[in-house]
Amino acid sequence: MASVAIEGWADDCATIDEIEDALAELRLRVGRGGVPDLRTSVLTHMAWVPAEWQAAATETLAGLGEQHPSRTLLFFPEPEEGNRLAATVFLECHPLEGDARQLCNEVVELRLGGPRAEAPASIATPLLLPDLPVFLRWRGRPPFRTNEFTQMIAIADRLIVDSAEWPDVPGAYAELEDFFEAAAFSDIAWRRTLPWREALAQRWPERPDRIAGPPAETALLAGWLQSRAGVEVAREHADELAYDDHLAASVLLSEELNVFGRDAVYEAAAQAAARL
Amino acid sequence: MDTQSVETENPLLEGLRLRRTPEPCVLAIFGASGDLTRRKIFPALYSLAVRKLLPEEFGVVGIARTAHTTEEFVAAMEAAVREFARDEFRSDVWDRLASGTRYVTTDFADESGQDEVVMCLNDLDAHAGTRGNRLYYLAVPPTAMPTLVQELGERRTTTGWVRLIVEKPFGRDLASARELNQILASHFTEAEVFRIDHYLGKETVQNLLALRFANGIFEPIWNRQFIDHVQITVAESIGIEGRAGYYEQAGAIRDIFQNHLLQLVALTAMEPPIDFDAESVRNEKVKVLRALSTPNPRFVVRGQYGRGFIEGVEVPGYREEPVVTSDSTTETFVAARLFVDNWRWADTPFYVRTGKRLARRDTTIAIQFKRAPHPPFEDIDTLRSNVLFVHVQPNEGVSLAIGAKVPGEGMRVRNVHMDFLYGGTFRTGLPDAYERLILDTMLGDQTLFTRADEIEEQWSLVDAVVAAWARERPNFLNYAAGTWGPAAAQELVEWHR
């Protein structure tokens, strides 16, 4: 069902207090039919979105709150800009069938100008919903050794990446493994290989000698076969995966928001992929 | 081969939860011309097909006395799917399901009819690759059930597996239920028999188990020490909807009380099972049913609705319904005070009620906790007990009534509800109960189905109530349509207070 954005408050020079006041104000808002909107949250969803990923991120996030009611914090780093925190606070509301009420999610867009882009955790921490898991979606290739990455991963329970967005796989997996102890990882590229892994598992002990597909997915599959079964396969480039359930990016992300613990099989596959 | 040994041999299985796809099979629906097939079974099959949860090699055979061709049956089911399925109609999905669908006109009572069904099933094996696996859905009247079971048993082959879904009513008393269990047992193993109670397939009913056994805060207080009483309501605002023939034989006690209501009592009162295995769950449920004491007739209220108003529209009384006689003594309402005689629940009343033409459609389990022992406030008369409401339908969810301070001077406390609305949190759309139950049957999972001994315990209680009723003529009509039933039912709970 189509969602409706309800404007709240925006300021080019915001403080956390003002953002919290704006969120509180929206909470008291009277919704459709004179009844308060319904709020249910299952997590805080943060997304770190560099400029080149803004369009794709907006498309993926549209409607995600309907599946996973949450507070969404969108961080747009603008290190080239002046020192400022710009914020927009609004509600994304979804009509509930057979109910006058709407289900509303809080969305906070934060533009971190200048040095603020290097200290995001101090902005994120006071805005996290208490006692709920924190998922961090990092668009593009994470800058693993930077302040912003290490700070954000320290406050997140789970980091969601899509290594298909990285230009330097499989080498980049070597950097990733240093953070396996710090947070649980979801890799959407790994999720994309699930139908293929299921097919290979069902055909075992039949072993493939070559696999063809996009670089990240084939590297992870090869790493998986290596780490699980000691099987070495040749990799070839192809635009399509041999087995694909053709799920939209938003659905793949939505599925990862249901996963909580560490995925030891993925970690071993990524480590093996880094050594290919 | 068990899962563990497969995993040991297959290193690629680690971390994969392979989708549970049923084995190839044919679903043969006996009584396929009925409303259940149109409103529930085919829409459920379609939703399973949309989600790719049906096996690749799958077929459906509709079997009924009503004369139809396969083409007519398929067209009727397509219309039903368009009207009742929860998913948008997709031609590609439907065409695939329809291509494996057949219809046979027979009452299955004669050799030629049986032969025709067998030929049709064999044909699907040959052309759809269903490998002799049979899922028989018995949606036929109770009188037809024994013969059908016997014929199916005698004609079973050694190829593939056989499972039976047996629709309610399962008998009409303890003797007939036992007889049917015996007939089933003489041809099929208990693992092949799936007695359906669609309430168990409802997400919110299963959520009761999640609520109780996944939350550490509830189980310690889920007992006689903290709970004052439990109220379970299965209320319908509809009447008998043209089913007078059936309802006159069943009444509210056989239609709802014996199955849905007692299942809700069992799930509310059961001990934590050691796992979610079918036998573990059903063992605990049957212990509750065994512990239910026969209610004192003074604490059982039956009723029959008279003329009244539903949503502002005048509706006829039960005795004015077509086919129902003007002196019918069939009850359309039952309320009872039950006790579960065990360590956890001794002396804790379970007030249960069900009825037709009540004020609204509502299935709720209300757990009323004991009052705070010594509230240090002046205005304690307005203080009410905490109540945990499990809303099974509609507005599926859970509410907790708590006392909260009214803002302002002094210390006035008012009751407020904290709501968890199921559809507001999990927005994936609740599957229909039949989707879950048909899929579970294909997978051979009996957790959400009723076992033979459970059914017999339920009937044993119902027989005792009915025997007491036989000794006196009821004082009908005793409630108006659109109300909450006879005043005596309300007095049951008030007497407790």
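Which residues have the most contacts inside the largest nonpolar core? In this predicted model, they turn out to be Ala28(B), Ile29(B), Phe30(B), Leu45(B), Ile63(B), Tyr137(B) and Val265(B), in a core of 119 residues. The top contributor is helix α9 of chain B, residues 244-269, which puts in eleven residues. The core also takes at least three residues from each of domain 1 (23-167) and domain 2 (200-438 + 451-496) of chain B. A second core, separate from that one, holds 60 residues, among them Trp48(A), Trp138(A), Leu176(A) and Ala270(A). As a rule, nonpolar side chains in soluble globular proteins tend to be buried together.

Back in the largest core, Val265(B) makes a handy reference point. Setting aside neighbours within four places in sequence, Val265(B) is in contact with Ile232(B), Val288(B), Leu338(B), Phe350(B) and Val352(B).

Helix α6 of chain B (residues 145-154) has Met145(B), Leu148(B), Val149(B) and Leu152(B) as its buried residues. These sit on the same side of α6(B), because the arc they cover around the axis is only 95 degrees. That fits the usual helix geometry: with 3.6 residues a turn, residues three or four places apart point the same way. The packing partners of the buried residues of α6(B) are β1 (25-30), β4 (134-138) and α7 (174-187) of chain B.

Over in strand β3 of chain B (residues 101-105) sits Thr105(B). Thr105(B) counts as partly exposed because it has 18 C-beta neighbours inside 10 Å, short of the 20 needed for a buried residue. Its C-alpha atom is 5.4 Å from that of Ala64(B), though the two residues are 41 apart along the chain. Beyond its neighbours within four places in sequence, Thr105(B) is in contact with Arg65(B), Ala67(B) and His68(B).

Now for the backbone oddities. Most residues other than glycine have a negative phi, and most peptide bonds are trans. Chain A breaks with the second habit at the bond between Val169(A) and Pro170(A), which is cis with omega about 5 degrees; Pro170(A) belongs to the loop between β7 (158-161) and α6 (173-176) of chain A. Another cis bond links Trp204(A) to Pro205(A), with omega about 15 degrees, and Pro205(A) is in the loop between α8 (194-203) and β9 (210-213) of chain A.

In chain B, Lys52(B) has a positive phi, near 60 degrees, and is placed in the loop between α2 (35-50) and β2 (58-64). Lys52(B) counts as exposed because it has 12 C-beta neighbours inside 10 Å. Val323(B) also has a positive phi, about 80 degrees. This valine, Val323(B), lies in the loop between β11 (313-315) and β12 (333-339) of chain B.

Terms used: Residues are numbered from 1 along each chain as its sequence is written. Chains are lettered from A and ligands numbered from 1 in the order in which they are written. This is a predicted model: local features need pLDDT of at least 70, side-chain atom pairs count only at pLDDT 80 or more; totals for chains, interfaces and linings use all residues. A nonpolar core is a set of buried Ala, Val, Leu, Ile, Met, Phe, Trp, Tyr and Cys residues joined through C-beta atoms within 7 Å. Helices (H or I, at least four residues) and strands (E, at least two) are DSSP runs, numbered from the N terminus. Domain bounds come from an automatic or database domain assignment. Two residues are in contact if their C-beta atoms, placed from the backbone, lie within 7 Å. The arc is that of the directions from the helix axis to the C-beta atoms.
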